[in-house]
2 protein chains.
Amino acid sequence: MKIAEVSEKYGLSLDTLRYYERIGLIPTVTRTPNGIREYGEMDIKRVEFIKCMRGAGLPIEVLIDYVALVQVGDSTVEARKEILKEQRELLAAKITDLQKTLELLDYMISVYENKILTKEQGII
Amino acid sequence: MKIAEVSEKYGLSLDTLRYYERIGLIPTVTRTPNGIREYGEMDIKRVEFIKCMRGAGLPIEVLIDYVALVQVGDSTVEARKEILKEQRELLAAKITDLQKTLELLDYMISVYENKILTKEQGII
DNA sequence: ATAACACCTGGAGTTAGCTCAAAGTCAAGG
DNA sequence: CCTTGACTTTGAGCTAACTCCAGGTGTTAT
């Protein structure tokens, strides 16, 4: 798969994909003899993973560390698990937070709706 | 309430509070005769609101618009409600997204746990 | 064979959202 | 009286994460 297809498929710009590669997030992309990137199955999976994690706000730094450990091999399984667990907890906390904000928004919207209704009915 | 107390109470830096004021997020802070900020009850409420919304990732731009409408008065109730509704939908979608990512993290962690267990048991 | 197109590189530029620094004012304590 | 400390302003600086640009190479279509 060439870079344009990957870009299209995952909604990441060409620049972003190349950027991710040069900072070490997708360091394994092979090249054709004339230097063109050819994303293999594993690269695609990694793009998917990175996109998902970035979408959840995991910092690039953390992902770089994680990917570097993957490159090292099986000896880093424990360390990798710890990174994921830590990020999992952060994410869970964040979701709880967002849900509270969502409730507040719903409440405020309902207040506005009552306000409008009251006005329409000429009450007050 | 002086700025240091507000900062302490809500975990926003002095600089951030002054920044929020100068960009129009908390435009109503009164001053003592010698120019010191004195946050009133409404200002405190607004700080709380802004902090909450920023925590959920609502862009400052949107909040500026919202706050500006509040300043205008009752005629903008409908427009304000629309802003909140739009942001509510975005937030709800985001939460759904994060939950999927959370599940993926949980799955990956469980895979790592099995891997480690298998290794400990000497199977494979 | 020449133009258009997709790709490449290295490095600079951009955006959001703060964060800091310098220089100044004012009130209280030793 | 002088220093300390909390406040003030303006404007510059910073970080994360892209995003763009200039100049170059290689393949494809007319």
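## Two chains on two DNA strands

Let's start at the DNA: a polar side-chain atom of Asn34(A) lies 2.6 Å from a phosphate oxygen of DNA strand D. Pairs like this one are polar contacts, that is, N or O atoms within 3.5 Å of each other; within protein, one atom must be able to donate a hydrogen and the other to accept it, and residues adjacent in sequence count only if both atoms are side-chain atoms. Before going on, keep in mind that this is a predicted model, where local features need pLDDT of at least 70 and side-chain atom pairs count only at pLDDT 80 or more, while totals for chains, interfaces and linings use all residues. Residues are numbered from 1 along each chain as its sequence is written, chains are lettered from A and ligands numbered from 1 in the order in which they are written, and side-chain values use heavy atoms, with hydrogens and water left out.

Staying with strand D, Tyr20(A) has a polar side-chain atom 2.8 Å from a phosphate oxygen. Arg22(A) goes for a base instead: an N or O atom of its side chain is 3.4 Å from a base oxygen of DNA strand D. The elements giving two or more residues to this surface are α2 (14-22) of chain A, plus α1 (3-10) and α2 (14-22) of chain B. Helices here are DSSP runs (H or I, at least four residues) and strands likewise (E, at least two), numbered from the N terminus. Which helix gives the most to the surface near DNA strand D? That is α2(A), with five residues.

In total, 18 residues are around DNA strand D, and Asp15(A), Tyr20(A), Asn34(A), Arg18(B) and Arg37(B) come nearest. A residue counts as near a strand if one of its heavy atoms lies within 4 Å of it. Seen from the DNA side, 73% of the strand D atoms within 4 Å of the protein belong to sugar or phosphate, and the rest belong to bases. By class, the surface has seven nonpolar, three polar and eight charged residues. Nonpolar takes in Ala, Val, Leu, Ile, Met, Phe, Trp, Tyr, Cys and Pro; charged means Asp, Glu, Lys and Arg; the others, Gly among them, are polar.

Now flip to DNA strand C. It is surrounded by 18 residues, with Arg18(A), Arg37(A), Asp15(B), Tyr20(B) and Arg54(B) the closest. Sugar and phosphate make up 73% of the strand C atoms that come within 4 Å of the protein. Phosphate oxygens of strand C have several side-chain partners: a polar atom of Arg37(A) at 2.8 Å, an N or O atom of Arg54(B) at 2.9 Å and one of Asn34(B) at 3.2 Å. On this strand α2(B) gives the most to the surface, with five residues.

How are the two chains related? Chain B can be laid on chain A with an RMSD of 0.1 Å by a turn of 180° and a shift of 0.0 Å along the axis, the superposition being least squares on C-alpha atoms of residues with pLDDT of at least 70 in both copies. The copies are thus related as by a two-fold rotation axis. In chain B, the C-alpha nearest that axis belongs to Ile95(B), 3.2 Å from it. Both copies use the same surface: 100% of the contact residues of chain B recur in chain A, contact meaning heavy atoms within 4.5 Å.

For a close-up of the chains meeting, try Ile116(A) in helix α5 of chain A. Leaving out residues up to four places away in sequence, it touches Val77(B), Glu78(B) and Lys81(B). Ile116(A) is buried, at 11% relative accessible area; buried means under 20%, exposed over 50% and partly exposed in between, with a 1.4 Å probe and protein chains only.

Arg37(B), in strand β2 (residues 37-38) of chain B, is buried too, at 17%. Its side chain makes a polar contact of 2.5 Å with the side chain of Glu21(B).

Last stop is helix α4(A). Its buried residues are Val62(A), Leu63(A), Ile64(A), Tyr66(A) and Val67(A), and their cover includes α3 (41-55) and α5 (77-120) of chain A as well as α5 (77-120) of chain B. Asp65(A), also in this helix, is partly exposed at 41%. Just after α4(A), Gly73(A) takes a positive phi of about 125°.
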